[in-house]
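Got a new structure on your screen and not sure where to look? Here's a friendly walk through it, from the whole chain down to single residues.

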Amino acid sequence: MERIEDKDFPFYRFKQLSGRPDIRHFVSSGRKDIGFAEAVDPAVIRRNRMELAQVVGIEVERWVIAHQIHSANVVVVGGEDAGRGALDRESRIPDADALVTDREGICLMVFSADCVPVLLFDSVKKVIAAVHAGWRGTAAQIVVRTVEKMRERYGSCPADIRAGIGPSIGKCCFEVEEGVAAVFRQLFPAAGSIVSAGKVSGKYQVDLWEANRLELLTAGLKAENIEVAGLCTVCHPEQFFSYRRDGSKAGRFGAGIMLCFR
Ligand SMILES: [Zn+2]
């Protein structure tokens, strides 16, 4: 990824998705919360979102946000959905963790504070997706389901899809109990590097970046079209919010992608 400096709202861009006239995208950084958690003053979040919108050049009225529930639900978004969830909680798309569209001028957004944000772009059929893959979503192979939806609905060929796996909790910091480790061992029996012994006896470390990368390969993406940010949210407190580090008070950062044909 490359970092774009801004005094108010620094952000990141994937090299895989940059320098193209037909899409805009970003992953927000810094200490400004854009997440609408229950305890936060909505006016602050609205202000932060408008500020970010200005910095990345995508009006907040174009954002589309879902109520993320750690599911594998993939929802197709249309032009009429523009602005849903952008400035309030109530109008969000209900119960979804991946959004897909072929409409221009709609910025598909996902929020994270450790979970893996994944942005997808089919450069031939001009289809985009934004995915929120926590450990549950990763275990439910939400990125595979998203690519399937792109194929079914829009005829995307997986070999044409570029992917960015964003900043999120790294294996360095994702220590889990046996129960979660067992889920990933079963899902990736041949990939020994996904689960390894933790720093504490009886704990395990799980590599969600590699898990999502392998899932995208299974879905038919080419290895050279997948970029892994490799930035751990827990290890970078100045740049990213982290639920594991900051607890229930953690803010949220966001990843967004939009098609723009003109
Ligand atoms: Zn870490």
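What follows starts with the overall picture, moves on to one pair of helices, and then visits some residues one by one.

**The big picture**

First things first: this is a predicted model. The protein is built with 6 helices and 15 strands. If you lay the C-alpha trace along its principal axes, it spans about 50 × 40 × 35 Å. A compact globule of 262 residues would have a radius of gyration near 18 Å, and the protein comes in at 17 Å, so the two agree. As for what's tucked away, 54% of the 262 residues count as buried. The chain also makes plenty of use of long-range contacts: take the contacts with a separation of 6 or more, and 68% of them are between residues 24 or more positions apart.

**Two helices side by side**

Two packed helices are described by the angle between their axes and the distance between the axes. Here the pair to look at is α3, covering residues 142-154, and α5, covering residues 208-218. Their axes are 8 Å apart, and the helices pack at an angle of about 30 degrees. Angles under 35 degrees count as roughly parallel, so α3 and α5 are roughly parallel to each other. Their crossing is right-handed.

Which residues do the touching? On the α3 side you'll find Ile142, Val143, Val144 and Val147, and they meet Asn212, Glu215 and Leu216 in α5. Sorted by class, that contact has 5 nonpolar, 1 polar and 1 charged residues.

Let's zoom in on one of them. Valine 143 sits in helix α3 and is buried, with a relative accessible area of 0%. Leaving aside residues up to four places away in sequence, valine 143 touches Asn212, Glu215 and Leu216, along with Val118 and Val131. Leucine 120 is 23 residues away from valine 143 along the chain, and the C-alpha atoms of the two are separated by 9.2 Å.

**Just past the end of α3**

Keep following the chain and you reach serine 156, in the loop between α3 and β10 (161-165). Is this loop residue buried or exposed? Serine 156 is buried, with a relative accessible area of 5%. Not counting residues up to four places away in sequence, the residues it touches are Asp122, Lys125, Val127, Met150, Arg151 and Ile161. One of these, aspartate 122, is 34 residues from serine 156 in sequence, yet the C-alpha to C-alpha distance is 6.6 Å.

**Two more buried spots**

Cysteine 232 is another loop residue, placed between β14 (226-228) and α6 (243-246). With a relative accessible area of 4%, cysteine 232 is buried. Its contacts, again skipping residues up to four places away in sequence, are Ser168, Ile169, Gly170, Cys172, Cys173 and Trp209. Cysteine 173 is 59 residues from cysteine 232 in sequence, and their C-alpha atoms are 7.9 Å apart in space.

Alanine 255, on the other hand, belongs to a strand, β15 (residues 253-259). Alanine 255 is buried at 1% relative accessible area. Beyond residues up to four places away in sequence, alanine 255 touches Phe26, Val27, Leu108, Met109, Val110, Pro117 and Leu119. Alanine 133 is 122 residues from alanine 255 along the chain, with 12 Å between the two C-alpha atoms.

Here are the three C-alpha pairs from the loops and the strand, lined up:

| Pair | Apart in sequence | C-alpha to C-alpha |
|---|---|---|
| Serine 156 and aspartate 122 | 34 residues | 6.6 Å |
| Cysteine 232 and cysteine 173 | 59 residues | 7.9 Å |
| Alanine 255 and alanine 133 | 122 residues | 12 Å |

**A couple of backbone oddities**

Finally, two residues are worth a look for their phi angles. Aspartate 95 has a positive phi of about 45 degrees although it is not a glycine. Aspartate 95 lies in the loop between β5 (74-76) and β6 (98-101), and is partly exposed, with a relative accessible area of 39%.

Glutamine 141 also isn't a glycine, and its phi is positive too, near 55 degrees. You'll spot glutamine 141 in the loop between α2 (135-139) and α3. At 28% relative accessibility, glutamine 141 counts as partly exposed.

Terms used. Residues numbered from 1 in each chain as written. Predicted model: local features only at pLDDT ≥ 70, side-chain atom pairs only at ≥ 80, totals over all residues. Heavy atoms only, no water. Axes fitted to C-alpha atoms, helices over the stretch in contact; angles between N-to-C directions. Helix = DSSP H or I, 4+ residues; strand = E, 2+ residues; numbered from the N terminus. Parallel < 35°, antiparallel > 145°, perpendicular 65-115°, else oblique. Left-handed = near helix turned anticlockwise from the far one by under 90°. Contact = heavy atoms within 4.5 Å. Nonpolar A, V, L, I, M, F, W, Y, C, P; charged D, E, K, R; others polar. Rg over C-alpha atoms; globule rule 2.2 N^0.38 Å. Buried < 20%, exposed > 50% of the residue type's maximum accessible area, 1.4 Å probe, protein only.
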